[in-house]
Every structure is written in structure tokens, then in C-alpha cells.
Amino acid sequence: MHLFASFFTACKHEILNFKEPESVVTTEAFMYVANVNGSYDKKDSNGYITKLYKNGKVYDTLFIGGLDSPKGLCIIKNNLYFTDIDKVLGYNIITKQKVFELDLSAYKTQFLNDICKDDSGNIFVSATDINEIFKINLTTKSIYPLDFRKELNGPNGLDFRNDTLYIAELGNDSIHGGLALIEFKDGRIIYNRLVYNVGYLDGIFQLNDDIYFSDWSDSDKKKMSSKIKKFNFTTRKITDMESPELSGCADMFFDKKTNQIFAPLMTLNKVVILPIK
Ligand SMILES: [Ca+2]
Ligand SMILES: [Ca+2]
């Protein structure tokens, strides 16, 4: 145990001074971090996106400012999309101009959360408080609720690969969140439950035979300690990733180029970069 701790202390790279960072995304040269700054559902106009070099040096702290509670970053071409309480917004990362805005307040949500893209010009957006996931066409702005409200339990993190949407759930007051997937095949939409009642799940990405996800709870499901865990498709088992304590690990991002996880630690106001072995 001690050996693991020293190994990861040596490899671990921390970047400090964020304000409730909820989400990270990287490009070839940069990383973008969404700072909620305060409560997850308050329209306080103090939320912002920071742009940094991937070594952690700040490029522009208030790259996009005047937001409320930005979460769930996703880059498509030169546009950065994210959720902000009840809206989906998009900004061009070269010009910083707003290029997309869609109001989802008619659906009575105040907790739009993660966002991810498919391969044909759509994004998926989770609405944790109303138990819904929306498929949104970026060109026509048509909104299509997937309508698995009876099956899902507070959808939070999303990842889309090979016609499959992977979902990590936050859970509700009586049952903890788990993992599910929705497949889009031959015009059909097929829901599949992987595991129930795991914890307070947040970030998610699929890699090889595993789903990596962050869990805000410890083993007795009480404290907000949090770890990155893996669900293996072959064994159907969940194991902990070897890592230091990651308090409040939210919407992490897997950077294929460097084989690293960029993990925003919301309660510690930092981003930690961890290698995947
Ligand atoms: Ca805020
Ligand atoms: Ca999230």
C-alpha cells in the first residue's frame, strides 16, 4: 500500500486554484476546465471556463466568463459545448464567440450535467434532476428525450463510443447510482443495465474492456471521499483503480494521446493528472 502511495505521489501532477471544477477536456495542446464556482444550481453569473496548457500552466483563467454553473465539457471541431444549469452553450475556442445556445428550462430541469457527442452531429445531455437524457441535433436544435426515466437513477456522466452511450448515475436518496448503457443499432434504441446501487457516480469513460468511473462515496457509501473505479465487461466486477485519495472527483477526461486521466477534484479545487498503466 505504501509503495503504491509513493509511486502515485511521484507520478501525480496537480494543478491548483480552481473554483469547484466539475469537468475537464483536452485537445492536442490545451486543457479546458469548467469552474462551477459555488452551488451546482445557482444562477450567480460567476462560473467560468479556464484554458491551460497541458503541463498545467494557465493560458487564460477567465477564458469564458459570466456563466452560472458550467459542467460537462465536450469539443466538436473548434467548438466547446457545455451545460449551464438549464442551457446548453457552445463557444468557438479560436474566436471565443458564442455559436450555440439552447434553453431546456421547459423540461423543468435545473441540473443539466454531462455532455458527449456521437458520430453524426448530435450531442447527448444528461439532466440528473429529472432523470432524463436528451439527444440534441446541433444543426436543427431538435431535442429528443430518450425517455428511460423509469430505468435510470439520476444520470450524470456520459460517454459515447461505437453506437453505445455509457451512463454513470448519481442515484437518489434511497438507492445509489449504478452503470447503464443505451445502444443505437439499426434504428433501434436498446437499454441495458450493467450494475445497480454502487455509489454517487459522476465521470465516466469506456476504454478497452473496462468502464472507468468516479464515485464520490467510500466503501460504506457515506463519506464524500471518492475514487476512480473500473467495471470490467468480462468479469462483470468492479475494482478500484490504484490511485491516491481523490476527494470529489467529478467529470474526468481520458486523454488518448498521453494515456492520462485528467480528474477535476471539485471539493479540493484542483485537477489531478493520473497515468493509466
Ligand atoms: Ca456559480
Ligand atoms: Ca458530472
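Guide: A residue is called buried if 20 or more other C-beta atoms lie within 10 Å of its own, exposed if there are 12 or fewer, and partly exposed in between, with C-beta atoms placed from the backbone. What you see here is a predicted model, in which local features need pLDDT of at least 70 and side-chain atom pairs count only at pLDDT 80 or more, while totals for chains, interfaces and linings use all residues. Residues are numbered from 1 along each chain as its sequence is written, and chains are lettered from A and ligands numbered from 1 in the order in which they are written.

Visitor: What makes E11 "largely enclosed" by the rest of the structure?

Guide: Six of the six residues of E11 are buried, so the strand is largely enclosed. Both faces take part: Asn 122, Phe 124 and Ser 126 are buried on one side, and Ile 123, Val 125 and Ala 127 on the other.

Visitor: What makes a stretch a strand or a helix, and how many of them are in the protein chain?

Guide: Both are DSSP runs numbered from the N terminus: helices are H or I with at least four residues, strands are E with at least two. Here the count comes to one helix and 24 strands.

Visitor: How do you know that E11 and E12 pair?

Guide: Two strands pair if DSSP finds at least two bridges between them. E11 (residues 122–127) and E12 (residues 132–137) have six bridges, in the antiparallel sense, so they pass that test. Among the bridge partners, Ser 126 of E11 goes with Ile 133 of E12, and Asn 122 goes with Asn 137.

Visitor: Which residue takes a positive phi in the hairpin of E11 and E12?

Guide: Asn 131 does, near 60 degrees, in a hairpin with four residues between the strands.

Visitor: Which strand do three bridges join to E12?

Guide: That is E13 (residues 143–145), and the two run antiparallel. Ile 136 has Ile 143 in E13 as its bridge partner. Five residues lie between the strands of this hairpin, where Lys 141 takes a positive phi near 60 degrees.

Visitor: Over how many bridges do E10 and E11 pair?

Guide: E10 (residues 112–117) pairs with E11 over four bridges, again antiparallel. Ile 115 is matched there with Val 125. The hairpin has four residues between the strands, and Gly 121 in the turn has a positive phi of about 80 degrees.

Visitor: Which residues touch the most other members of the largest nonpolar core?

Guide: Val 125 and Ala 263 do, in a core of 69 residues. Such a core is a set of buried Ala, Val, Leu, Ile, Met, Phe, Trp, Tyr and Cys residues joined through C-beta atoms within 7 Å. In soluble globular proteins, nonpolar side chains tend to be buried together.

Visitor: What is Val 125 in contact with, leaving aside its neighbours within four places in sequence?

Guide: Contact means C-beta atoms, placed from the backbone, within 7 Å of each other. For Val 125 the list is Thr 83, Val 88, Leu 112, Ile 115, Ile 133, Phe 134 and Ile 136.

Visitor: What makes E18 and E21 stand at the edges?

Guide: Their sheet is open, antiparallel and ordered E18-E19-E20-E21. E18 (201–207) and E21 (238–240) each have a single partner strand, so one side of each is left without a neighbour in the sheet. The twist averages 25 degrees from one strand to the next, with axes fitted to C-alpha atoms (for helices over the stretch in contact) and angles from 0 to 180 degrees between N-to-C directions. Within this sheet, E19 (residues 210–215) and E20 (residues 227–232) pair over six bridges, and Phe 213 is partnered with Lys 229 in E20.

Visitor: Is Arg 236 buried or exposed?

Guide: Exposed, because 9 other C-beta atoms lie within 10 Å of Arg 236. Arg 236 sits in the loop between E20 and E21. Its C-alpha atom is 8.1 Å from that of Leu 194, 42 residues apart along the chain.

Visitor: Why is the protein chain called as compact as a globular protein of that length?

Guide: The radius of gyration, taken over C-alpha atoms, is set against the globule rule of 2.2 Å times the number of residues to the power 0.38. The chain has 17 Å, close to the 19 Å that the rule gives for 277 residues, so it is as compact as a globular protein of that length. Buried residues make up 42% of the 277.

Definitions and conventions. Two residues are in contact if their C-beta atoms, placed from the backbone, lie within 7 Å.
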